[in-house]
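Here are a few quick notes to read alongside the model. Have the sequence and the 3D view open as you go.

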Amino acid sequence: MDYAVLTGIVLVAGVLSALVAQWRDWRPPLAVAIAVGVAVRLLIMFTSAIDTWQPVDFVESFKPAGEAVLRGQDPVLASEGGWHFLPTIPYVYGILLWLGIPWEYAGRLVTVVADIVLIPLVAKLAGGPKANLRALQYALNPLALLVACVHGQVEPVALVFGVAAFVVARGPGAPERPGITTDVVGRARAGLAAHGLKAAALRVLGPGGLLHRALKPGPDDRAHLKRGALAGVLMGLALCAKSWPIWLVPGMLLLLPNLRSRIVALFTTGAVPLFFFVTLPVFAGTAIEDLPKVIDTIRSIRPIVGEYGWTPWFTGGDWALRDDLASFGTNLIYVCVIAAILLWRRADPIDMTTAILLIFMVVTPRLGAQYLLWFMPFLVARPTRFAWPAILAVSLWTGYGYLYMTQFDTNTWWHLHSLWSRASIVLLPILLLAMPWGRRDATAPALARSSEQAKVTSAA
């Protein structure tokens with residue numbers, strides 16, 4: 001990489017500025033945070049676009065997908081399996097290429113614009129008096145800059161729609177919502193414990209029961225349903241970019257005010273990807289008989305492990321097709337995600353989502369460095385005690401891969417990769433510590449305040 005030193009200086013300066021902002025409690029106007037974010041992103045995008053080194057998948061997977069759209073072909077099938085997602089982003093690639101923008105800029109423009117939009121969304125996600133500080137810190141986040149501007153990976157596109165869905169679902173000025181147990185499921189469990197199975201079933205499902213009351217329209221029902229529908233559309237667009245935002249759906253649903261709005265959101269979340277799939281014959285020129293092939297290609301993810309975490313220690317630090325490790329790790333993800341949902345069931349849904357994404361990063365058997373961006377907007381918006389050690393650690397590890405390892409020939413790169421991938425195991429305990437362990441019950445502060453108020457009242 002020709003501009004590694006310049007990029008590194010910008011990243012380090014950004015990190016130092018973000019830390020000083022934290023220390024001095026800077027809260028600049030949101031416009032200033034956005035302007036800073038735009039400036040550093042345009043600079044790094046420009047130097048990355050004119051660089052002699054370009055990421056392999058950026059050239060060999062993303063570009064062919066956009067060119068296939070230009071030719072009126074299905075990017076999933078025409079690019080020989082290089083694109084494993086719905087062709088929503090390749091449509092945008094195709095438009096930018098049609099406009100005559102060189103690929104080195106066009107491919108990055110999509111992700112850079114999305115990452116810029118994430119800056120004010122992080123402020124909205126954070127809320128409160130420090131919202132603008134969080135926006136500035138995301139604007140200077142080194143991992144976001146590397147993924148969006150250097151690699152051109154599509155994570156920022158999935159995140160911009162996913163975070164927007166959270167902001168819409170929470171609504172303007174909405175207070176922190178308690179978790180799952182305060183909803184129908186929690187009340188049904190309480191009924192079961194108090195009255196037995198039959199009585200609890202009648203209490204939940206019978207006339208005038210909990211489910212009936214939850215589905216009954218309320219005074220603000222139309223506004224809530226609109227909110228749920230819009231949040232679902234945004235989350236559906238996130239799923240059109242990549243499949244991993246499925247992990248964001250539980251948190252989005254819990255932020256909505258009632259069961260009816262959640263049902264609407266769940267419906268629209270699924271309807272958007274379905275729309276892009278069934279319209280492939282219209283917009284991508286896919287033959288109807290080839291639609292099953294598209295599904296198979298999207299579903300077929302090779303079990304390549306050895307890039308990050310615990311699996312490189314089984315592969316010697318090299319990539320390997322290890323179905324045994326991939327299967328074990330995938331099952332471990334499901335178990336740990338369910339455990340995180342249960343542990344953070346009373347938490348603010350944003351904290352529960354942060355916990356889900358971080359535990360994924362700890363136990364996953366396969367990962368590209370760009371995956372580490374998944375949790376970043378949520379952790380920056382609502383930082384935990386070990387948030388900054390986690391941010392600095394993953395940024396340092398990723399920066400070594402993007403900036404230092406790209407300076408060498410192929411053989412040297414593979415040698416460094418074997419060391420780099422195995423070194424990533426150091427990140428796992430740091431990410432584990434960065435989980436919101438102290439915020440597993442969002443109702444606790446409110447209960448404590450109520451108790452204190454009761455004591456004051458009784459004393460008076």
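**Notes on three spots**

1. Gly-329, Leu-332, Ile-333, Cys-336, Val-337, Ala-340 and Ile-341 of α18 are in contact with Met-352, Ala-355, Ile-356, Ile-359, Phe-360 and Val-363 of α19 (contact means heavy atoms within 4.5 Å). Helices here are DSSP runs (H or I, at least four residues), numbered from the N terminus.

2. This is a predicted model, where local features need pLDDT of at least 70 and side-chain atom pairs count only at pLDDT 80 or more, while totals for chains, interfaces and linings use all residues. Numbering starts from 1 along each chain as its sequence is written, and side-chain values use heavy atoms, with hydrogens and water left out.

3. Back to that pair: α18 (residues 323-343) and α19 (residues 349-363) pack at about 155°, their axes 9 Å apart. So α18 is roughly antiparallel to α19 (the term applies to angles over 145 degrees).

4. Now look at α14, residues 259-278. Its 20 residues should span 28 Å at 1.5 Å a residue, and its end C-alpha atoms are indeed 28 Å apart (the expected span is 1.5 Å times one less than the number of residues). Among its buried residues are Arg-262, Val-272, Phe-276 and Phe-277 (buried means under 20% relative accessible area, with a 1.4 Å probe and protein chains only). The cover over the buried residues of α14 includes α5 (88-98) and α12 (221-241).

5. Last, α22: Leu-416, His-417, Ser-418, Trp-420 and Ser-421 are buried there. These buried residues pack against α17 (312-315) and α21 (387-404).

How values were computed: Helix = DSSP H or I, 4+ residues; strand = E, 2+ residues; numbered from the N terminus. Buried < 20%, exposed > 50% of the residue type's maximum accessible area, 1.4 Å probe, protein only. Axes fitted to C-alpha atoms, helices over the stretch in contact; angles between N-to-C directions. Parallel < 35°, antiparallel > 145°, perpendicular 65-115°, else oblique.
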